[in-house]
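Visitor: I've got a structure to look over and a few questions about how it is put together. Could you walk me through it?

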Amino acid sequence: MPGEPLLLRDYDYELPEELIAQTPVEPRDASRLLVLDRASGQIEHRVFGEIGDYLAPGDLLVVNDTRVLPARLHGHRPSGGEVEILLLARRAPGLWEALVRPGRRLRPGAEVVLAASDGSRSESAVIEAREPEGLALVRLPAAVEEDLPAFGEMPLPPYIHQRLADPERYQTVYAEHRGSAAAPTAGLHFTPELLANLQRHGVELARLTLHVGIGTFRPVKVEDARRHEMHAEWFHVPPETLAAIRRTKLSGGRVVAVGTTSCRTLESLDLAAPVEQAQSGWTGLFITPGHRFQVVDELITNFHLPRSTLLLLVSALAGRETILAAYREAVRLRYRFYSLGDAMLIR
């Protein structure tokens with residue numbers, strides 16, 4: 001592969017374990033906000049509810065309105081032995097791409113008995129095929145697929161060790177289209193009142209959908225990150241959002257992506273296509289330093305794992321040294337990290 005390697009060790013930082021947020025703050029917009037000016041490296045410390053101070057009439061907020069599925073299913077083999085299935089993407093009616101544990105013991109044709117959480121009924125899923133890196137295609141019976149809340153639970157990240165008292169707290173307030181295996185967590189900081197207030201002051205709101213799957217959170221296992229292949233995730237951008245982007249760009253406003261999933265979707269768009277037609281498909285776009293941003297001007301995001309694709313993405317926007325300096329400052333000031341933690345605005 002030509003060009004200089006993109007060494008993963010250059011995108012590492014020290015994080016005390018106690019700074020990994022285990023519970024969300026209340027209300028949603030009471031989380032802290034680190035505001036980073038990527039040109040100067042200047043940092044300001046605010047509360048998320050004050051984000052309107054950095055947005056102007058004519059700016060466009062683009063949110064990901066995907067809704068998290070109760071995608072973690074617990075079951076067992078007929079002969080015994082616990083099984084966990086994490087649904088990632090629906091490939092066809094009843095057929096799902098999934099992470100299955102213990103993967104090595106579940107060969108094609110293996111049956112997994114799934115019980116409803118209230119113990120009232122059980123159904124059997126079947127492993128249809130095995131795929132690389134622990135993935136599998138799983139056939140779900142219609143009774144499970146049509147009533148996932150009865151069989152599954154919210155798929156919180158493995159570094160969160162407490163169950164949420166209210167599963168809706170792991171959904172954005174604008175979540176609509178079911179299909180994600182994880183929340184687009186930058187959006188968790190918005191309240192309906194905050195969004196309404198921003199719109200009253202002339203900030204436009206637009207929606208897109210990217211169903212978050214393994215591509216977003218799969219770890220990078222190669223030292224030269226350029227050799228990492230992103231797993232594709234499905235997206236849909238409606239015509240009204242495409243028109244809003246064009247209108248914002250022509251008027252000199254800023255396109256502000258809410259979250260890395262919105263950012264990757266926006267940067268996957270075909271800008272030559274007519275705005276009257278929705279754009280849908282699968283994106284495996286891997287944004288790394290050197291990427292030239294075509295749509296996104298600013299980004300609202302949380303704080304990301306060391307050596308991750310998401311840390312590479314924010315470094316592509318703001319620069320590696322600038323991002324790592326901001327992260328060191330966030331650690332020093334005891335910001336809360338990861339999915340349920342605090343937020344950053346990269347300007």
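Visitor: Let's begin at the end of α5. Which residue follows α5, and what is the sign of its phi?
Guide: Keep in mind that this is a predicted model. Right after α5 comes a glycine with phi near 85°. So the sign can be read straight off that value, and the residue is G252, with a phi that is positive.

Visitor: How far apart are the end C-alpha atoms of helix α5, and what span should its 13 residues give?
Guide: Helix α5 covers residues 239-251, and at 1.5 Å a residue it should span 18 Å. The expected span counts one less than the number of residues. The two figures agree, because the end C-alpha atoms are also apart by 18 Å.

Visitor: Are the buried residues of α5 on the same side or on opposite sides?
Guide: The buried ones are T241, L242, A244, I245 and T248. An α-helix has 3.6 residues a turn, so residues three or four places apart point the same way. On the other side of α5, E240, L250 and S251 are exposed. The buried set covers an arc of only 160° around the axis, which puts them on the same side.

Visitor: What covers those buried residues of α5?
Guide: One helix is part of the cover, α6 (260-267). Strands contribute too, and the cover includes β3, β13, β14, β15 and β16. Those five strands also appear in the order of an open, nine-stranded sheet with mixed pairing, β2-β1-β18-β17-β15-β3-β13-β14-β16.

Visitor: Which are the edge strands of that sheet?
Guide: An edge strand here pairs on one side only. β1, by contrast, is joined to β2 by five antiparallel bridges and pairs with β18 in the parallel sense over four. The edges are β2 (43-47) and β16.

Visitor: Which residue stands opposite A257?
Guide: β15 and β17 (residues 298-302) pair in the parallel sense over three bridges. The partner of A257 lies in β17, and it is L299.

Visitor: Which helix gives the most to the largest nonpolar core?
Guide: That core has 65 residues, and Y170, L266, I323, Y327 and F337 have the most contacts inside it. F337, for example, touches residues including Y13, L15, F303 and Y327. A second, separate core of 29 residues includes W96. For the largest core, the top contributor gives seven residues, and that is helix α7 (residues 309-318).

Key:
Residues numbered from 1 in each chain as written. Predicted model: local features only at pLDDT ≥ 70, side-chain atom pairs only at ≥ 80, totals over all residues. Heavy atoms only, no water. Core = buried A, V, L, I, M, F, W, Y, C linked by side-chain atoms within 4.5 Å. Buried < 20%, exposed > 50% of the residue type's maximum accessible area, 1.4 Å probe, protein only. Helix = DSSP H or I, 4+ residues; strand = E, 2+ residues; numbered from the N terminus. Contact = heavy atoms within 4.5 Å. Arc of directions from axis to C-beta. Pairing = 2+ DSSP bridges.
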